[in-house]
Amino acid sequence: MHGEYKVPGGKLVVVDLEVDNGRIADFHLAGDFFLEPDDALADIDAAVTGLPVETDAAGIAAAVRGALPDGAQLLGFTPESVGTAVRRALVTAPGWRDFEWEVVHEKAVSPAMNLALDEVLTTRVGDGRRKPTLRIWEWNESAVVIGSFQSYRNEVDPEGAARHGFDVVRRISGGGAMLMAAGSIVTYSLYVPAALVAGLTFADSYAFLDDWALQALRSLGVDAVYQPLNDIASPAGKIGGAAQKRLANGGVLHHATLSYDMDGQVMTEVLRIGREKLSDKGTVSAAKRVDPLRSQTGLPREAIIERFMQTFSTLYGAEPGYITEEEYAEAEALVEEKFSTDAWLHRVP
């Protein structure tokens, strides 16, 4: 069995193993990481060999950590990444290039329509009716997008939203509210089969699915890092955040919103962001929490989007794609039935 795991911001971890009487056998670790001393590699191989196949990633990591000699240095990988690679081998998880990918960047639609497209396209990928897809959002009006489980009245100031021209919509994924001013945000959605994230913990899948975006940002000179659970940041501040929804049919929605430009004062007048929420972020001002890509790159929003699509296509062999008329029609119906209704918007008062 063969498993691979690219450590977000780090190196590739590769494992090969056999299974004998319910235990891991003939285990070998490889990769482009750095490890000192050299013979610690044999210690890791010995630690994993003989473990029950049911051992979870944390248990494998503990075995690896316990076998390392004093002073061992692991650069570009961790014991946890070894555990993840082993689990992916045991469930025969495919890699990115085992799929045919499409990249979609089409006309601007309403915020509600973007959310409906997320549900439609995720469902179709789960059903096998669409190739795994990266879609870049475009929208024709500003909006506050609140998470599936957030309280409307606790997160949004309706008067402030109306005053600044922000519609309020609710998405199907969890997470926090996002202020999406027209032309001031870079938002993308990934529609992937559950097999791609098999063997990963839910938390690890966030960084795994956004690693290509970090590579794109770094190619633009942004020192981007992933901060668990779901933030993309740099030394200058938070850039954006991600959210996920997993459907029963095996489709996985992973989307992220990155700030290109922003008005911090507008944010505080539209979103009910209290000092308690900000205190655990090490800042006292909502305006200082998010650092836009415009200030970090000096590039037009279109140039950043182009680099994102180029990076994804180069890494994973993606081809340009499009949304079909049938998919648009299905999404339009879903807007009417769900995303534009008060029942959905206020399902958590």
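Let's start with R163, which is exposed, its relative accessible area being 54%; the cut-off for that label is over 50%. Keep in mind as we go that this is a predicted model.

What does R163 pair with? Its side chain forms a salt bridge with that of E269, at 3.5 Å from N to O. R163 belongs to helix α6 (residues 158-163) and E269 to helix α8 (residues 264-270), so this contact ties together parts that are 106 residues apart in sequence. E269 itself is partly exposed, with a relative accessible area of 24%. That value falls between the limits of under 20% for buried and over 50% for exposed, which is why E269 takes the middle label.

Now turn to E119 and K338, whose side chains also meet in a salt bridge, here at 2.8 Å from N to O. This pair links distant parts of the chain: E119 sits in helix α4 (residues 111-127) and K338 in helix α13 (residues 325-339), with 219 residues separating them. Are these two residues buried or exposed? Both E119 and K338 are buried.

Another pair to look at is D231 with K238, where the side chains form a salt bridge at 3.5 Å, N to O. D231 is buried because its relative accessible area is 11%, and the label applies under 20%.

Salt bridges can also share partners: in this way E102, R124, R130, E326, E327 and E330 are joined into one network. To place these contacts in context, a search of the whole structure finds 15 salt bridges, among them the E119–K338 pair where both residues are buried.

Key
Residues numbered from 1 in each chain as written. Predicted model: local features only at pLDDT ≥ 70, side-chain atom pairs only at ≥ 80, totals over all residues. Heavy atoms only, no water. Salt bridge = Lys/Arg side-chain N within 4 Å of Asp/Glu carboxyl O. Helix = DSSP H or I, 4+ residues; strand = E, 2+ residues; numbered from the N terminus. Buried < 20%, exposed > 50% of the residue type's maximum accessible area, 1.4 Å probe, protein only.
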